[in-house]
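Please open the model in your viewer, and keep the sequence beside it while we go from one selection to the next.

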Amino acid sequence: GTCVLRGCVPKKLLVYGSEFAQHFRDARGYGWSVGEPRFDWATLRDHVQAEVNRLSGLYSSNLAAAAVDVFDDRAVLVDPHTVRLTGADRRISAERILVAVGGHTLRPSTPGQELGITSTDAFLLEALPASIVIAGGGYIALEFANIFSGLGVDTTVVYRGEPVLRGFDQDIRVHVQTEMERSGVKIVCSGKIGELAPLPSGRKLVTLSNGERLEADQVMGAVG
């Protein structure tokens, strides 16, 4: 369940949450008087996880109602018609076997990468960082860049190409990058993270392939 647990669903909820800052600013022009808005990351984070757990429970209930046998175990293919459950040491046979195990986020081989986070980690951050550097220029990197920026985080995107969103229509690529920069996101193109190093302050020192150095509270890898 990548989409429900650590992909589309929780990410879109974070997107919605990050858009309210702009809505509050726009409201004044429509005659609304609002006090100084305050944001609490823990509330959004926990509510998103509660919704993810609710949806996950619904899927389990639907499977049970459909009389589907579910084994919470690791399955290893033995032959075209048999899998072995490693925990229970049991074999199950079927005419057809469908492998749909999903995937996991990739940590780049950059020196010091263990100091950073992935998109999966971002959903469970203990605290919202004051600043973040995001490696990558695809839609996952850019969605999280807009989420963090919308929540008030000083956000920088580092992308090895130019402009962002390789493979998309060129006009869209240029427009998205222009609008993101106009909204406050800093985008560094034609470069990639060469190394991460800890700083005494607890922040991270990010050294780019072009020699530029950045300091940030958090670094996120989203390179595909």
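Where is the place of T110? Select T110 in this predicted model, and you will find that residue in the loop between β3 (90-93) and α4 (119-122). With a relative accessibility of 16%, T110 falls under the 20% cut-off and therefore counts as buried. Now display what surrounds the residue: once residues up to four places away in sequence are set aside, T110 touches I193, G194 and E195.

Next, select strand β5, residues 154-158, where 4 of the 5 residues are buried, so that the strand is largely enclosed by the rest of the structure. Add strand β4, residues 131-135, and you will see it run parallel to β5, the two being joined by 5 bridges. To inspect one pairing, pick I134, whose bridge partner in β5 is V157. Follow the chain from β4 to β5, and the path leads through helix α5 (residues 139-150), forming a β-α-β crossover that is right-handed.

Then turn to strand β6, residues 186-188, which pairs with β5 in the parallel sense over 3 bridges. Here the pairing to pick is that of T156, which has K186 as its bridge partner in β6. Trace the chain onward from β5, and helix α6 (residues 170-182) carries it across to β6 in a β-α-β crossover that is right-handed.

As a last view, show β5 together with its parallel partners, β4 and β6, and turn on the side chains, bearing in mind that in a regular strand these alternate between the two faces of the sheet.

How values were computed: Residues are numbered from 1 along each chain as its sequence is written. This is a predicted model: local features need pLDDT of at least 70, side-chain atom pairs count only at pLDDT 80 or more; totals for chains, interfaces and linings use all residues. Side-chain values use heavy atoms; hydrogens and water are left out. Buried means under 20% relative accessible area, exposed over 50%, partly exposed in between (1.4 Å probe, protein chains only). Contact means heavy atoms within 4.5 Å. Two strands pair if DSSP finds at least two bridges between them. A crossover is right-handed if, with the strands pointing away from the viewer, the path from the first strand over the helix to the second runs clockwise.
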